[in-house]
Amino acid sequence: MNTQERPGVVGLVTDALGRSADLIQTEIRLARVEIGEKADALRTSVVSGLVMMLVGTVFIIGALILVLQALVAALIEGGVAPALAILIVAGGSAVGGIIVLLAGKKTIGAVDPTPTRTITSLQSDARMAKESLT
């Protein structure tokens, strides 16, 4: 005679739910570790990238100042009064700066921070888990 009894449906469902819960907990721990590692790498790259961009910006500002001074000098040599030449160059710079600022503002607002791929994946996982239990 067979002394081992076959598990019942309730036992099988309980075992499957327990294993599913363990799997989900393991996946969550893995995700936390991976997110932590990615966050550290992102933080490091963002800081170093921002520092390099700041240094580059300082050089670009210096060059832009020299170009604007040369433009003022060219206008003065062309017969424009010095005060008027400075106003023309300053006004043109202000208009260009405003255009760039507005374009930057528009670009910042164009990003939707909702993690749609993650939400879709979680919904799919929930649907699969529900189907496997029915």
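Here's a quick look at the overall shape, the confidence and the main pocket of this protein.

What you have here is a predicted model, with a mean pLDDT of 86 and 94% of its residues at 70 or more. The fold is easy to sum up: three helices and zero strands, running α-α-α along the sequence.

Shape-wise, don't expect a ball. A compact globule of 134 residues would have a radius of gyration near 14 Å, but this protein comes in at 32 Å. Its C-alpha atoms fill a box of roughly 115 × 25 × 15 Å along the principal axes. Just 2% of the 134 residues are buried, and about 11800 Å² is exposed, with carbon and sulfur atoms supplying 71% of that area.

Confidence differs between elements, and the two extremes look like this:

| Element | Residues | Mean pLDDT |
|---|---|---|
| α2, highest of the elements | 82-108 | 94 |
| α3, lowest of the elements | 116-133 | 77 |

Now for the pocket. The largest one has a volume of about 470 Å³. It's lined by 14 residues, and Ile24, Leu122, Asp125, Ala126 and Ala129 are the closest to its centre. Both α1 (9-77) and α3 (116-133) supply at least two lining residues each, with α3 giving the largest share at nine. By type, the lining splits into eight nonpolar, four polar and two charged residues.

One thing to keep in mind if you're working with this pocket: its biggest contributor is α3, the element with the lowest mean pLDDT, 77. As a general rule, where pLDDT is low, predicted coordinates should not be read in detail.

Technical notes:
Residues numbered from 1 in each chain as written. Predicted model: local features only at pLDDT ≥ 70, side-chain atom pairs only at ≥ 80, totals over all residues. Heavy atoms only, no water. 1 Å grid on protein atoms, 1.4 Å probe; cavity = no way out; pocket = protein on both sides within 12 Å on 5 of 7 lines; lining within 4 Å. Points joined across faces, edges and corners; volume = space filled by probe spheres on them. Helix = DSSP H or I, 4+ residues; strand = E, 2+ residues; numbered from the N terminus. Nonpolar A, V, L, I, M, F, W, Y, C, P; charged D, E, K, R; others polar. pLDDT = per-residue confidence, 0-100. Rg over C-alpha atoms; globule rule 2.2 N^0.38 Å. Buried < 20%, exposed > 50% of the residue type's maximum accessible area, 1.4 Å probe, protein only. Areas by Shrake-Rupley, 256 points an atom, 1.4 Å probe, with all protein chains shown as cover.
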